[in-house]
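Colleague: I would like to learn how the features of a model like this one are read. Could you take me through them in turn?

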Amino acid sequence: MHLSFSLILLSVSLLTSPEAASANLLKRAHEAALRHSKGLARDLRIALKGIGQPAGALLIPRDVSPAIDAVVQKVFCVSSSKGGSGGLDGNGSVSSAPSATIGVPASTATPSASSNWKLIQSYQGQSFFDGWNFWDTSDPTNGIVDYLSQSDAMSRGLASVSSSGTALMKVDTTNNLSSTTNRASVRITTQASWTLGLVIMDAIHMPTGCGTWPAFWSNGPNWPAGGEIDVVEGVNDYTNNQATIHTNPGCTIPSLTTVPVNTAASNTTIQGASLDITGSLVATTNCAAAETQNAGCGIRANTNNSFGTGFNAIGGGVYAMHWTSDLISVYFFPRSSIPSDIAAGNPDPTSLAWGTPMALWPGTSCNMTEFFYSNVAIFDTTLCGDWAGGVWNDAGIPGQEQSCAQRTGYSTCEAFVRAEGSAFEQAYWEVNYVKIYQEKNQTSP
């Protein structure tokens, strides 16, 4: 059975979310709606379970990226950037006409010994935490965490640099917290901001396990006016990363069609082939947070080593977010497949070694400096909250073949998180570096 496009949109419109923007009217409206959002999200998941995608969106196989999970998820990446601007802004313009197949710039034959990108910021080694602000106020996504100040996080061992020079960001593992106590965690934001650039993050380990919701992302001012780019994100035991953008109204990606591609097994429909990506489009081509109940334009990886335990089992790897006036794209390189130009500090996204991006959002109908500007980079690990808590009883996502309720024996995410601190021994980030580049010919105001 399939519902009409209008009925599905009407159902999706029932979902609401908190808003971190400074406009008082929007803030009051979102705060009022938040009181109802969690129950409505749960009801919507039940009501639409098994229903097809809206017209104009791709049909996603249930075992790859169910549409309803994506809709429920992005009530949740609302954010307020904490930390100032660093004067790394630039300007650009959108290209005027779409191409039939939208993809990355033309590739060169071999990785470059040098590149067109200059290093602007580097966070690495014993000085990794220099240049970051520690968020120490409440979690905008309703997680049951207390984010700590830098001094508190370091004194409690939740933020540190290892003897080998890797940055560690952990979650408290105390058992049997009270029913009203939040678990301590870490969220950090760069003091520097930038417009257009190349962000490269090398991590060995990311948080995983039921109740966790880690992310590495960037965010502009006055959310969603300055845009949000989620590079790494997922919940619970998921193994396939989801990258998503969120914007003000007016930003869309082209209406996509699936393209049948012959595989060794069968004639299989590859999702998003016309966009020249390796991932699959999730839910919607409209990236406006306010018009999609914060779902935005999400793309989920089709590899189970791109997030969570799969990522950790291979020693992690590199994520690269490439933002130009023509496009935003996200690449994932497993540890064994990191391009030599990245390892050498001379990244070249036009190299054949980079291949096809996991996710790509073209600027054909979304001006990449109008809808995205003055972004800061953010790491965080929240617990439960609107996404991880909202899908506690759900199963069928890669890595989450059995629900967390079944796995843990706890009926709610909150009860599990507060009781089982030792379950969060693996809920930590271990990061080699974050580097931010800009094109050498770009002038910053």
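Colleague: Let us begin with a single residue: where is Asp276 found?

Modeller: A word on the basis comes before that, since this is a predicted model, in which local features need pLDDT of at least 70, side-chain atom pairs count only at pLDDT 80 or more, and totals for chains, interfaces and linings use all residues. Residues are numbered from 1 along each chain as its sequence is written, and side-chain values use heavy atoms, with hydrogens and water left out. Helices (H or I, at least four residues) and strands (E, at least two) are DSSP runs numbered from the N terminus, and Asp276 is found in the loop between strand S13 (267-270) and strand S14 (280-282). Phi of Asp276 is near 60°, a positive value in a residue other than glycine.

Colleague: Is Asp276 buried or partly exposed?

Modeller: Buried means under 20% relative accessible area, exposed over 50%, and partly exposed in between, with a 1.4 Å probe and protein chains only. Asp276 has a relative accessible area of 28% and is therefore partly exposed. Ser374, in the loop between S18 and strand S19 (376-383), also has a positive phi, near 45°, but Ser374 counts as buried because its relative accessibility is 18%.

Colleague: How many helices and strands are there in the protein, and what percentage of the residues is buried?

Modeller: The protein has nine helices and 20 strands, and buried residues make up 57% of its 445 residues. For contacts, the criterion is heavy atoms within 4.5 Å; among contacts with a separation of 6 or more, 78% are between residues 24 or more positions apart.

Colleague: Which residues does Thr247 touch, leaving out those up to four places away in sequence?

Modeller: Thr247 touches Pro224, Cys287, Ala288, Ala289, Phe371 and Phe372. The residue is found in the loop between strand S11 (242-246) and strand S12 (259-262), and it counts as buried because its relative accessible area is 0%. Pro224, one of the residues touched by Thr247, lies in the loop between strand S9 (212-219) and S10, and the peptide bond leading to Pro224 from Trp223 is cis, with omega near 5°.

Colleague: How is a pair of aromatic rings described, and how many such pairs does a search of the whole structure find?

Modeller: A pair of aromatic rings is described by the distance of the centres and the angle of the planes. Rings of Phe, Tyr and Trp (its six-membered ring) pair if their centres lie within 6.5 Å, and planes under 30 degrees apart count as stacked, over 60 as edge-to-face and the rest as tilted. The search finds 18 aromatic pairs. In one of them, the ring centres of Phe333 and Trp354 are 5.3 Å apart and the planes stand at 80°, so the pair is edge-to-face. This pair links distant parts of the chain, 21 residues apart, with Phe333 in strand S17 (residues 327-334) and Trp354 in the loop between helix H6 (340-343) and strand S18 (359-362). Phe333 is buried because its relative accessibility is 5%, and Trp354 is buried too, with a relative accessible area of 3%.

Colleague: Which residues are linked into a cluster by ring pairs?

Modeller: The cluster consists of Tyr123, Phe128, Phe129, Trp132, Phe134, Phe216, Phe379 and Trp429. Of these, Phe129 is found in the loop between strand S1 (117-124) and strand S2 (132-134), and at 4% relative accessibility it counts as buried.

Colleague: Which residues touch the most other members of the largest nonpolar core?

Modeller: A nonpolar core is a set of buried Ala, Val, Leu, Ile, Met, Phe, Trp, Tyr and Cys residues joined through side-chain atoms within 4.5 Å. In the largest, which has 66 residues, Phe128, Phe216, Trp361, Phe379, Val431 and Val434 touch the most other members. Apart from that core lies another, of 16 residues, including Trp135, Trp392, Ala405 and Phe424.

Colleague: With which side chain does that of Asp237 make a polar contact?

Modeller: A polar contact is a pair of N or O atoms within 3.5 Å; within protein, one must be able to donate a hydrogen and the other to accept it, and residues adjacent in sequence count only if both atoms are side-chain atoms. The side chain of Asp237 makes such a contact with the side chain of Arg407, at 2.4 Å.
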